[in-house]
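Let's take a relaxed walk through a protein, starting with the overall layout and then zooming in on single residues. Keep the picture at hand as you read.

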Amino acid sequence: MVVSSSSGPSASPLAAGTTAGADRERHINEVVDRLAIRFSGMGVSRADLEARTREVYRACTTSRIGDFLSILVERQVRRSIKNPTVEGRA
């Protein structure tokens, strides 16, 4: 699967020129890639997966969960797809 560029309008403004931002973008793209494979037959667009993933990342930015953030975000997005009535989709 090809990793999409994060230079489009949905790219995080925090990502520009920072190592932490570049790492965050890479993690987001990796999560979206895995989710796109997992939900390929469910009609969930890559754009929707990316939006959901970014939403969960934003909600977690003040948390001190460091290296586990990618895993937690991916799990939360999976739940939001399997159960779309979950509060706030995240």
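What follows is a short tour of this structure, from the whole fold down to a few side chains.

## The big picture

First, keep in mind that this is a predicted model. The protein has 3 helices and 0 strands, and reading along the sequence gives you the pattern α-α-α. The helices cover residues 19–38 (helix 1), 46–60 (helix 2) and 69–82 (helix 3).

How much of the protein is buried? Of the 90 residues, 32% count as buried. The accessible surface comes to about 5,800 Å², and carbon and sulfur atoms account for 56% of that area. Now think about contacts between residues with a separation of 6 or more: 60% of these come from residues 24 or more positions apart.

## The nonpolar core

In soluble globular proteins, nonpolar side chains tend to be buried together. Here, the largest nonpolar core has 14 residues. Which of them touch the most other members? The answer is Leu 35, Leu 49, Tyr 57, Val 73 and Val 77. Helices 1, 2 and 3 each supply at least two residues of this core, and helix 1 gives the most, with 5 residues.

Tyr 57 is a good one to click on. Leaving out residues up to four places away in sequence, Tyr 57 touches Arg 24, His 27, Ile 28, Val 31, Leu 69, Ser 70 and Val 73.

## Thr 53, a buried residue in helix 2

Next stop: Thr 53, which sits in helix 2. Is Thr 53 buried or exposed? Thr 53 counts as buried because its relative accessibility is 0%, and the cut-off for buried is under 20%.

So what does Thr 53 touch? If you skip residues up to four places away in sequence, the list is Ile 28, Val 31, Val 32, Leu 35, Val 73 and Val 77. Thr 53 also has a polar side-chain atom that lies 2.7 Å from the backbone oxygen of Leu 49. Leu 49 may ring a bell, as it was among the core residues that touch the most other members.

## Salt bridges along the helices

Side chains of opposite charge can pair when their charged atoms come close. How many salt bridges turn up in a search of the whole structure? There are 8, so let's look at a few of them.

In helix 1, Arg 26 and Glu 30 are 4 residues apart, about one turn of the helix. They form a salt bridge, with 3.2 Å between the closest N and O atoms. Arg 26 is partly exposed, at a relative accessible area of 41%, and Glu 30 is partly exposed too, at 31%. In helix 2, Glu 50 and Arg 54 are also 4 residues apart, about one helical turn, and the closest N and O atoms of their salt bridge are 2.9 Å apart. Glu 50 counts as buried at 12% relative accessibility, and Arg 54 counts as buried at 6%.

Helix 3 has a pair as well. Because Glu 74 and Arg 78 are 4 residues apart in this helix, about one helical turn separates them, and their side chains meet in a salt bridge of 2.9 Å, N to O. Glu 74 counts as buried at 8% relative accessibility, whereas Arg 78 is partly exposed at 25%. Back in helix 1's pair, there is a further partner to add: salt bridges that share partners join Asp 23, Arg 26 and Glu 30 into one network.

## Far in sequence, and out on the surface

Glu 25 is in helix 1 and is buried, with a relative accessible area of 4%. Try finding Glu 25 and Arg 54 together: they are 29 residues apart in sequence, and their C-alpha atoms are 9.4 Å apart in space.

Finally, which residues form a nonpolar patch on the surface? Phe 68, Ile 71 and Leu 72 do, with about 290 Å² of accessible area together. One of them, Ile 71, lies in helix 3 and is partly exposed, with a relative accessible area of 41%.

Note on methods: Residues numbered from 1 in each chain as written. Predicted model: local features only at pLDDT ≥ 70, side-chain atom pairs only at ≥ 80, totals over all residues. Heavy atoms only, no water. Core = buried A, V, L, I, M, F, W, Y, C linked by side-chain atoms within 4.5 Å. Buried < 20%, exposed > 50% of the residue type's maximum accessible area, 1.4 Å probe, protein only. Contact = heavy atoms within 4.5 Å. Polar contact = N/O pair within 3.5 Å; in protein donor to acceptor, adjacent residues only side chain to side chain. Patch = residues over 30% accessible without salt bridge, like charges linked within 9 Å, V, L, I, M, F, W, Y side chains within 5 Å. Areas by Shrake-Rupley, 256 points an atom, 1.4 Å probe, with all protein chains shown as cover. Salt bridge = Lys/Arg side-chain N within 4 Å of Asp/Glu carboxyl O.
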